[in-house]
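Here is a short briefing to read beside the model. Overall fold, backbone geometry and a few chosen residues are taken in turn.

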Amino acid sequence: MKNIAIFASGTGTNAQKIMERFAQHSLAQVTLVISNKPKALVLEKAQNFGVATQIIHRDSFYHSDEVVQSLKKQQIDLVVLAGFLWLIPQNLIAAFPDRILNIHPALLPKYGGKGMYGMRVHEAVVANQENESGITIHYVNEHYDEGKIIFQKSCPVVAEDTPSDVAKKVQVLEHQHFPEVVEQLVKKLSNQ
Ligand code: GRF
C-alpha cells in the first residue's frame, strides 16, 4: 500500500476528490493532509475522511528537517500539492525525487511562477485575450511551476468569459483529471 500526503492550504476541493478516489483503493491511501493554515477548510475535509492532519510552520519548514522526518516516519511515498503556495525547500525535493507533484490552473509555462495563483492566473488569461486555458500537472522542483510536465488539458476561453468563468472551466478539468493522474503515478510506483 502506497501512502499519499496532500499539501493544501485552501478550500481543498481537489484534495477532496483525491481522498474520494483513494478512500477504498487497493494500491494507495491518503495518509496525511498538511497545511500551513490552521483554519483551512481542507483540514475539515480531511477529518471527514478520517485522514490525519498536520499544521506546519514556516520556520521549521525552511530551516529544519522536521517535515521530511515526519513524512518519512509516516512512510509517505508520494506528495501531492493541491493549492499549496509555499515554495518547496531543497531538502524535501531531495528526499522525494520525482515524487512530489503539483497542479497549476493554467497551461504552463504560461501564467506560472511566484504570485501566479488563484484568480490572478485567470485574470491574466482574460486580460491577454487567450482563446484557451487549462491545467498542468507537473513534478515539483526548486522553482515555482517549472518542474517536468506530466499532464496538460486545455479548455476554450471565449471573449465573453470573465476570470471566474475561466476558473470554473479550469476547476472542472482539475477535478476530472487530478485524481486520475495521481492514480497513474501510484500504479507506476507500485510496479517499480
Ligand atoms: C487549484 O486551482 C489548483 O490548481 C491550485 O490551487 C487551487 C486549489 O483549489 N494549485 P482547491 O483548494 O483544491 O479547491
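Val170 sits in helix 7, which spans residues 163–191. This is a predicted model. Val170 is buried, at 2% relative accessible area. The protein around Val170 has 7 helices and 7 strands.

**Val170 and helix 7**

- Beyond four places in sequence, Val170 contacts Pro105, His122, Ser133, Gly134, Ile135 and Cys155.
- Ser133, Gly134 and Ile135 are on that contact list, and strand 6 covers residues 132–139.
- Cys155 is another partner of Val170; strand 7 runs over 149–156.
- His122 also touches Val170, and helix 6 covers 119–127.
- Gln47 is a distant reference point: its C-alpha lies 26 Å from that of Val170, with the two positions 123 residues apart in sequence numbering.

**Overall fold**

- The order of elements along the sequence is β-α-β-α-β-α-α-β-α-β-α-β-β-α.
- The radius of gyration is 16 Å, and a compact globule of 192 residues would come near 16 Å, so the two agree.
- Along the principal axes, the C-alpha atoms fill a box of roughly 50 × 35 × 35 Å.
- Of the 192 residues, 49% are buried.
- Among contacts with a separation of 6 or more, 68% link residues 24 or more positions apart.

**Surface and charge**

- The accessible surface is about 9700 Å².
- Carbon and sulfur atoms account for 49% of that surface.
- There are 19 positive and 19 negative charges, and their mean positions lie 4 Å apart.

**Backbone geometry**

- Most residues other than glycine have a negative phi, and most peptide bonds are trans.
- Leu108 and Pro109 are joined by a cis peptide bond, with omega about 10°.
- Pro109 belongs to the loop between strand 5 (100–104) and helix 6 (119–127).
- Tyr111 is in the loop between strand 5 and helix 6.
- Tyr111 is not a glycine, yet its phi is positive, at about 60°.
- The relative accessible area of Tyr111 is 13%, so Tyr111 is buried.
- Asp145 also has a positive phi of about 60° and is not a glycine.
- The loop between strand 6 (132–139) and strand 7 (149–156) holds Asp145.
- Asp145 is buried, with 15% relative accessible area.

**His138 in strand 6**

- His138 is part of strand 6.
- Its relative accessibility is 2%, so His138 counts as buried.
- Neighbours within four places aside, the contacts of His138 include Ile100, Leu101, Asn102 and His104; strand 5 covers 100–104.
- Leu108 also touches His138, and Leu108 is one partner in the cis peptide bond.
- Asp145, the positive-phi residue, is a further contact of His138.
- Glu146, Gly147, Lys148, Ile149 and Ile150 are also among the residues that His138 contacts.

**Thr13 in helix 1**

- Thr13 lies in helix 1, residues 13–21.
- Thr13 is partly exposed, at 25% relative accessibility.
- Residues up to four places away aside, Thr13 touches Gln171 and His175.
- Both contacts have a polar component: the side chain of Thr13 meets the side chain of Gln171 at 3.2 Å, and the side chain of His175 at 2.8 Å.
- Gln171 and His175 fall in the residue range of helix 7, 163–191.
- Ala82 is 69 residues from Thr13 along the chain, but their C-alpha atoms are 8.7 Å apart.

**Gln54 in strand 3**

- Gln54 is in strand 3, residues 52–55.
- The cut-off for burial is under 20% relative accessible area; Gln54 has 19%, so Gln54 counts as buried.
- A polar contact of 2.9 Å links the side chains of Gln54 and Ser70.
- Sequence neighbours up to four places away aside, Gln54 touches Leu32, Val33, Ile34, Ser35, Ser70 and Gln74.

Note on methods: Residues are numbered from 1 along each chain as its sequence is written. This is a predicted model: local features need pLDDT of at least 70, side-chain atom pairs count only at pLDDT 80 or more; totals for chains, interfaces and linings use all residues. Side-chain values use heavy atoms; hydrogens and water are left out. Helices (H or I, at least four residues) and strands (E, at least two) are DSSP runs, numbered from the N terminus. The radius of gyration is taken over C-alpha atoms; the globule rule is 2.2 Å times the number of residues to the power 0.38. Buried means under 20% relative accessible area, exposed over 50%, partly exposed in between (1.4 Å probe, protein chains only). Contact means heavy atoms within 4.5 Å. Accessible areas come from the Shrake-Rupley method with a 1.4 Å probe; for residues, only the protein chains shown count as cover. Lys and Arg count as positive and Asp and Glu as negative; His and the chain ends are not counted. The place of a charge is taken as NZ of Lys, CZ of Arg, CG of Asp or CD of Glu. A polar contact is a pair of N or O atoms within 3.5 Å; within protein, one must be able to donate a hydrogen and the other to accept it, and residues adjacent in sequence count only if both atoms are side-chain atoms.
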